[in-house]
Amino acid sequence: MNTTASNDPDAETRLTFPDGFVWGSATSAFQIEGAAASDGKSPSIWDVFCRQEGAIADGSNGDVACDHYNRYADDVALIADLGLDAYRFSIAWSRVIPEGTGAVNAAGLDFYDRLTDALLDANVTPVPTLYHWDLPQALGARGGWLARDTAFAFAEYTDAVLERLGDRIDTWTTLNEPFVSANHGYVTGEHAPGHTSVAEGLTASHHLMLAHGLAGERIRSMAPDARLAIVINFTPLAPATESDADRIATHHRNNLENRWYSDPVGGLGYPADTVAHLEWDQAEVHDGDMALIAAPIDLLGINYYTREMVSDDDSYELPAGTPVNTMGWEIHPPTLGSLLREVDDRYDFPSILITENGAPMPDRIRKNGRIEDDDRLDYIRDHLVEVHRAIADGCPIEGYLVWSLFDNFEWAWGYAPRFGIVEVDFETQQRIPKKSAEWFSRAAITNGFTVPDRSPQRG
Ligand code: FCB
């Protein structure tokens with residue numbers, strides 16, 4: 001990067017990314033597809049959870065969402081118009097094997113077949129995720145992720161998907177954010193299935209990782225040329241004060257949130273001192289499990305949104321004036337840079353893809369029919385500056401996928417948070433690219449962008 005100081009207030013520097021750098025966007029099945037009962041799909045644990053009183057802030061559900069199931073062809077045309085190289089989506093298990101195990105629903109697979117072909121025809125690389133939280137309710141009823149059998153059912157489902165799509169996909173990602181599945185689903189109860197038990201969270205975490213390991217084995221054998229990946233979220237943490245209590249709390253939360261999933265994949269096992277601290281007897285961990293989980297991956301998907309300060313008694317509050325998004329998450333781009341360097345140093349995975357990064361913003365300003373979301377544009381640009389720097393420092397980062405292509409169903413928050421670079425009018429299902437989409441499109445097409453030399457993030 002050219003860092004020559006300049007006195008010209010309008011001076012700009014152009015950042016160019018390495019040849020082949022992947023620019024793309026991400027979504028997930030439950031958040032956009034709708035068509036909740038079409039073509040043989042069964043309910044997922046999220047279809048059921050949405051019906052629980054008080055579970056979703058605005059009482060909404062995923063029945064229609066962005067109606068992407070019916071509008072995918074236009075949506076792919078839009079992705080291609082934006083000039084994006086890749087599109088990350090997830091596959092709904094409950095469309096493919098409605099009962100969780102057993103009969104494969106060909107009509108459900110047909111949808112992903114059509115979507116994959118449409119993307120390939122448009123020169124957009126499909127990046128499917130096999131599990132983005134929407135477990136078939138049939139398996140939920142049999143214990144969900146508390147049951148070891150669910151991991152084997154996931155391997156069976158992986159087989160069915162690979163058999164249909166395995167000839168056309170370069171990169172398979174197994175799970176999305178297993179921490180959130182285990183923690184929000186089983187410990188805090190904010191997500192489906194809404195349980196609140198630390199012990200259950202530990203059990204679920206291991207069965208999720210076992211599912212990753214077993215699916216990885218299937219992917220290796222059915223698509224030996226494809227790349228194997230998992231998507232893990234990282235929220236870097238720092239103690240709110242120097243007190244022992246805050247430092248210890250930070251240490252264990254960091255192990256549970258930021259290392260619990262990546263350490264086993266990286267061959268380091270579950271963080272031992274936190275296993276002891278939680279008095280987890282690891283009865284769920286059978287011989288051979290950890291080796292399966294540690295089988296080499298080709299690519300780590302990193303989801304990053306924010307950092308957090310930790311106080312032992314949960315009393316910490318962000319100082320007034322701290323930049324935040326509409327969900328109250330601090331905006332702190334340099335943390336993405338340090339995270340990328342740390343993950344690369346700790347694990348040395350062959351490649352890293354930013355599989356999610358983005359922000360919900362107020363989206364109140366509209367000009368000529370289009371949302372002028374300079375705040376989101378700045379967020380994306382400032383994080384990409386950090387990615388560019390990390391690449392210059394030697395991190396093997398192959399691309400950046402913005403979360404999200406569309407405004408969509410944001411889980412327990414419902415439809416209020418707007419993450420899209422493309423606005424969705426949920427009355428008419430009209431899609432209107434925001435200013436950030438135009439900026440991102442230009443960055444993708446030209447493989448870079450300019451930053452003002454006076455940008456606060458540079459220095
Ligand atoms: C991540 C999820 C994704 C989306 C973003 C905002 O945790 O993977 O589905 O909800 O957060």
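1. Trp411 and the ligand. In this predicted model, a polar atom in the side chain of Trp411 sits 2.9 Å from a ligand oxygen atom. Glu410 also has a polar contact here: an N or O atom of its side chain is 2.7 Å from an oxygen atom of the ligand. Glu356 contributes as well, with a polar side-chain atom 2.9 Å from a ligand oxygen. How much of the ligand's accessible area does the protein cover? On its own the ligand has 290 Å², and the protein covers 94% of that.

2. Residues around the ligand. Trp411, Glu410 and Glu356 belong to a longer list. Gln31, His132, Trp133, Asn176 and Glu177 are on that list. Asn303, Tyr305, Trp403 and Phe419 complete the surroundings.

3. The barrel. Eight strands close up in the order S2-S3-S4-S5-S6-S8-S10-S13, with parallel pairing. Ignoring direction, neighbouring strands in this sheet are turned by 25 degrees against each other on average.

4. One strand pair in detail. S8 covers residues 299-304 and S10 covers residues 352-356; four parallel bridges join them. Within this pair, Leu300 faces Ile352 of S10. Glu356, a ligand neighbour, is the last residue of S10.

5. Helix H8 on the sheet. H8 (residues 178-187) packs against the sheet and touches S4 (125-131), S5 (171-176) and S6 (227-234). The direction of H8 makes about 45 degrees with that of S6.

6. From H8 to H9. The loop between H8 and H9 holds Pro193. Is the Ala192 to Pro193 peptide bond cis or trans? The bond is cis, with omega near 5 degrees. Ser197 then caps the N-terminal end of H9, placing a side-chain oxygen 3.4 Å from the backbone nitrogen of Ala199.

7. Helix H9 itself. H9 runs over residues 198-222, 25 residues in total. From first C-alpha to last the helix reaches 36 Å, close to the 36 Å expected at 1.5 Å a residue.

8. A second cis bond. The peptide bond from Trp403 to Ser404 is cis, with omega near 10 degrees. Trp403 is among the residues around the ligand. Ser404 lies in the loop between S13 (397-403) and S14 (422-425).

9. A positive phi. Asn123 is a residue other than glycine, yet its phi is positive, near 65 degrees. Asn123 sits in the loop between H5 (106-121) and S4. For context, most residues other than glycine have a negative phi, and most peptide bonds are trans.

Methods. Residues numbered from 1 in each chain as written. Predicted model: local features only at pLDDT ≥ 70, side-chain atom pairs only at ≥ 80, totals over all residues. Heavy atoms only, no water. Pairing = 2+ DSSP bridges. Helix = DSSP H or I, 4+ residues; strand = E, 2+ residues; numbered from the N terminus. Axes fitted to C-alpha atoms, helices over the stretch in contact; angles between N-to-C directions. Contact = heavy atoms within 4.5 Å. Near = heavy atom within 4 Å. Polar contact = N/O pair within 3.5 Å; in protein donor to acceptor, adjacent residues only side chain to side chain. Areas by Shrake-Rupley, 256 points an atom, 1.4 Å probe, with all protein chains shown as cover. Expected span 1.5 Å × (residues − 1).
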